[in-house]
Amino acid sequence: MATQTADSPQPRPKGRILRLLGLLAGSAALVGAGFGAGFFYFANPLSPAEDVLRLIAPEAAAPDAAAEAGEDDGEGHKKVPKPVPEQEFFVTSYFTFPEPLTSNLSGSSRFLQLTVGVSTQYDPAVIANVEAHVPALTSDILGVVSTFTEEQMAGIAGRKALAGAIRAAINARLERMEGFGGIEDVFFPTFVMQ
């Protein structure tokens with residue numbers, strides 16, 4: 001039987017740990033190099049079509065630059081960019097009167113209950129003016145509604161006529177009070193005739 005003596009060499013744990021750390025660091029370096037090479041190989045900012053054009057003819061890779069400069073195509077024809085029409089879009093602001101309005105109809109025992117909304121594409125000051133004068137505008141709207149008969153409000157054309165009359169009354173009031181109307185459309189979120 002062999003027994004270990006103090007003179008016999010014992011395995012060194014530090015050597016194994018250092019060798020494992022070296023292998024781990026080498027593996028990490030290889031993986032990092034692989035990721036880096038893949039990134040540089042596959043990270044092409046051009047689309048496949050542009051990349052092929054770049055390889056075939058370097059001057060064909062930038063067609064936008066040639067069009068912007070209005071360059072000659074070699075046959076005396078000049079490329080002219082197509083004008084794109086610019087459309088201005090305006091923000092539409094809405095306001096709905098907080099309470100439904102109820103009014104008798106002219107020459108009838110029926111009445112109309114409606115909610116009135118207005119819109120404008122002018123600045124927010126128009127809506128602020130409407131909010132500031134809600135009681136007066138409500139009175140004007142009720143005055144307009146009471147002048148319409150049941151027959152005048154029949155159908156879509158009647159509602160459009162009522163909306164036009166209300167818009168004119170609101171704008172007239174705002175012009176007197178604030179110096180500018182600005183209401184462009186009148187809507188009826190609820191419209192009940194009883």
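A residue counts as buried here when its relative accessible area is under 20%. Keep that cut-off in mind as you walk through this predicted model.

**Stop 1: the whole chain**

Start with everything shown as a cartoon. You should find six helices and four strands. Follow the chain from its N terminus and the elements come in the order α-α-α-β-β-β-α-α-α-β. There are 194 residues, and buried ones make up 24% of them. Now think about how the chain folds back on itself: among contacts between residues at least 6 apart in sequence, 65% join residues at least 24 apart.

**Stop 2: helix H6**

Select residues 155-178, which form helix H6. At 1.5 Å a residue, its 24 residues should span 34 Å, and the C-alpha atoms at its two ends are indeed 34 Å apart, so expectation and model agree.

Which residues of H6 are buried? Colour Gly158, Leu162, Ala163, Ile166, Ala169, Ile170, Asn171, Arg173 and Leu174 to see them. Next, bring in what covers these buried residues: the cover includes E3, H4, H5 and E4. Just after the helix comes Gly179, where phi is positive, near 90 degrees.

**Stop 3: the largest nonpolar core**

In soluble globular proteins, nonpolar side chains tend to be buried together. To see the largest nonpolar core of this chain, which has 28 residues, begin with Phe97, Val116, Leu162, Ile166, Ile170 and Phe188; these touch the most other members. Five elements give two or more residues each to the core: strand E3 (111-120), helix H4 (125-132), helix H5 (134-147), helix H6 (155-178) and strand E4 (185-193). H6 gives the most, with six residues.

Zoom in on Leu162 and show its surroundings. Setting aside residues up to four places away in sequence, Leu162 touches Leu112, Val144, Val145, Phe148, Met153, Phe188 and Phe191.

**Stop 4: where H5 meets H6**

Two packed helices are described by the angle between their axes and the distance between the axes. Show H5 together with H6: their axes come within 9 Å and cross at roughly 145 degrees. The crossing is right-handed.

To look at the contact itself, select Ala136, Leu137, Asp140, Ile141, Val144 and Val145 on the H5 side, then Leu162, Ala165, Ile166, Ala169, Ile170, Arg173, Leu174 and Arg176 on the H6 side. The residues of this contact divide into 11 nonpolar, no polar and three charged.

One of the H5 residues in this contact, Asp140, deserves a click of its own. Is Asp140 buried or exposed? With a relative accessibility of 16%, Asp140 falls under the 20% cut-off and so counts as buried. Beyond its neighbours within four places in sequence, Asp140 is in contact with Ala169, Arg173 and Arg176.

**Stop 5: two serines, Ser103 and Ser146**

Move to strand E2 (residues 101-104) and select Ser103. This serine is buried, with a relative accessible area of 9%. Leaving out neighbours within four places in sequence, Ser103 is in contact with Phe111, Leu112, Leu142, Val145 and Ser146.

From there, step across to Ser146 in helix H5. At 32% relative accessibility, Ser146 counts as partly exposed. Its contacts, again leaving out neighbours within four places in sequence, are Ser103, Asn104, Leu105 and Ser106. Try a distance label between the C-alpha atoms of Ser146 and Phe111: they are 35 residues apart along the chain and separated by 8.9 Å.

**Stop 6: two loops**

Find the loop between E2 and E3 and pick Ser108. Ser108 is partly exposed, with a relative accessible area of 24%. Add Thr149 to the view: the C-alpha atoms of Ser108 and Thr149 are separated by 7.1 Å, with their places 41 residues apart along the chain.

Finish at Gln121, in the loop between E3 and H4. Gln121 has a relative accessible area of 36%, so this residue is partly exposed. How far is the C-alpha atom of Gln121 from that of Thr92? The separation is 4.5 Å, although the two residues are 29 apart along the chain. Apart from neighbours within four places in sequence, Gln121 is in contact with Phe90, Val91, Thr92 and Glu184.

Notes
Residues are numbered from 1 along each chain as its sequence is written. This is a predicted model: local features need pLDDT of at least 70, side-chain atom pairs count only at pLDDT 80 or more; totals for chains, interfaces and linings use all residues. Side-chain values use heavy atoms; hydrogens and water are left out. A nonpolar core is a set of buried Ala, Val, Leu, Ile, Met, Phe, Trp, Tyr and Cys residues joined through side-chain atoms within 4.5 Å. Buried means under 20% relative accessible area, exposed over 50%, partly exposed in between (1.4 Å probe, protein chains only). Contact means heavy atoms within 4.5 Å. The expected span of a helix is 1.5 Å times one less than its number of residues. Axes are lines fitted to C-alpha atoms, for helices over the stretch in contact, and angles run from 0 to 180 degrees between N-to-C directions. A crossing is left-handed if the near helix is turned anticlockwise from the far one by less than a right angle, and right-handed if clockwise. Ala, Val, Leu, Ile, Met, Phe, Trp, Tyr, Cys and Pro count as nonpolar, Asp, Glu, Lys and Arg as charged, and the others, Gly among them, as polar.
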